[in-house]
Amino acid sequence: MTTLDASRLPFADPPHDRAADRLGATGFGFYVYLLSDAILFASLFAAFAVLHRATAGGPTGPEVFKLPGVLLETACLLVSSFTCGLAMIAANAGRKLALTGFLAITFALGAAFLGLEVSEFTRMIAEGAGPDRSAFLSGFFTLVGAHGLHITVGLAWILILFGQLWRDGFGPGFSRRIFCFSLFWHVLDVVWIAIFTFVYLIGSQP
Amino acid sequence: MSDYQDSRAAAPRTPGEDARGGVGHWKTYAVGLGLALLLTGAAFAMAGTTLMTPASIVAGLIVLAIAQMIVHLIFFLHITTAPAHKTNILALLLTFVIILLVVIGSLVIMGQSNGLMMPMDQLMSRQR
């Protein structure tokens, strides 16, 4: 984890590696953005918590949630967080083949998660439990959909990382970008812990 | 800012934390993954059990979620209580405070308003 470190800032006395300066400042700035993203998710959680009993006579949580699928989604995301960490280690060690492999696995697991989520959403909409059915379902689709949208952005980001790696190769710029990406991906996993606990597991208690 | 310098001089960086700011070692990630899988498994097992009362299941799930979030913060995001991480920790704590205010505040205010609402059948009869 990078920190705001006075000795690394441009105006500090000892001349430092400029690339490391930029990683420190960018890393901290991105970390603050992620914290603000966590607040965005917290407000969606608050909306869901307020609305989760407002089913308007429609389907309730235990009726629409299928926990085995959620467990599979969780496993995909957890292992992808692990391989994302390994990709960053490979990037810092300058091992291009390992980096490409781990990034590809991260992408595949993220895509598998997204596929499972999309199939869950289409099943629910086909069952008449779409976002227009009740306030509970509106809150559910907004919260879980916002997380899925973040995952989609993360997948696009991996593709861009591949493009940058192919075009520019390794360098301080690439280290900075993959560091920010891994922060983003790990935070999405933390948000998912809250979703599977509060929305799915507690939501499917009778 | 001077206490940063002092603490950094006194305590050299841990191995695996390089000058680029702590990327971690693969073993750290492996331990984190193991713990996270264990806690996830426990949470899903607890949600399906009939051995506990509903209220204790909910309490247990919340405890497991908090534990797993801490595991992720430590092993994947490498947030520690080291003095060099002071700024990060302060920003994280401020975020927690805001999140608690937003979530608990919304629940309390909406719960109160809900209690003040006219019962639905009365509301309907007045609108006629």
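**Helix packing in chain A, and how far to trust the model**

Just after helix α3 of chain A comes G94(A), and its phi is positive, about 75°. I start there since α3(A) comes up again in two of the packing pairs below. Before going on: this is a predicted model, and I will come to the confidence values at the end.

First, α3(A) itself. The helix covers residues 67-93 of chain A. It has 27 residues and reaches 39 Å from its first C-alpha to its last, close to the 39 Å expected at 1.5 Å a residue.

The next helix to look at is α4(A), residues 96-126. How do α3(A) and α4(A) pack? Their axes lie 8 Å apart, at an angle of about 160°. Angles over 145 degrees count as roughly antiparallel, so that is the description for α3(A) and α4(A). The crossing of the two is left-handed.

For those of you following on the screen, the α3(A) side of this contact includes L72(A), C76(A), L77(A), V79(A), L86(A) and A90(A). On the α4(A) side, the residues include L99(A), F102(A), I105(A), L109(A), F113(A) and L116(A). Charged residues take part too, among them E73(A) from α3(A) and E117(A) and E120(A) from α4(A). By class, this contact has 18 nonpolar, three polar and three charged residues. As a general point on reading such lists, an α-helix has 3.6 residues a turn, so residues three or four places apart point the same way.

Now the other partner of α3(A), which is helix α6(A), residues 172-201. Here the angle is about 160° and the axes are 10 Å apart. The two helices are therefore roughly antiparallel to each other. α3(A) passes α6(A) in a left-handed crossing. Which classes of residue make this contact? There are 18 nonpolar, eight polar and two charged.

α6(A) also packs against α5(A), again at about 160° and with axes 10 Å apart. That angle makes α5(A) roughly antiparallel to α6(A), and the crossing is left-handed. The contact divides into 22 nonpolar residues, four polar and one charged.

A word on α5(A) alone, which runs over residues 135-168. Its 34 residues should span 50 Å at 1.5 Å a residue, and the end C-alpha atoms are 48 Å apart, which agrees. After the helix comes G169(A), with a positive phi near 70°.

Last, confidence. Chain A has a mean pLDDT of 89, and 89% of its residues reach 70 or more. Among its elements, α4(A) has the highest mean, 96, and helix α1(A), residues 18-51, has the lowest, 87. Over residues 10-15 of chain A, pLDDT stays under 50, and the model has two contacts there beyond four places in sequence.

Chain B averages 81, with 81% of the residues scoring at least 70. Where in chain B is confidence lowest, and where is it highest? Helix α1(B), residues 2-10, is lowest, at a mean of 40, while helix α3(B), residues 54-75, is highest, at 94. pLDDT stays under 50 over residues 1-21 of chain B, for which the model has 29 contacts beyond four places in sequence.

Definitions and conventions:
Residues numbered from 1 in each chain as written. Chains lettered and ligands numbered in written order. Predicted model: local features only at pLDDT ≥ 70, side-chain atom pairs only at ≥ 80, totals over all residues. Heavy atoms only, no water. Helix = DSSP H or I, 4+ residues; strand = E, 2+ residues; numbered from the N terminus. Expected span 1.5 Å × (residues − 1). Axes fitted to C-alpha atoms, helices over the stretch in contact; angles between N-to-C directions. Parallel < 35°, antiparallel > 145°, perpendicular 65-115°, else oblique. Left-handed = near helix turned anticlockwise from the far one by under 90°. Contact = heavy atoms within 4.5 Å. Nonpolar A, V, L, I, M, F, W, Y, C, P; charged D, E, K, R; others polar. pLDDT = per-residue confidence, 0-100.
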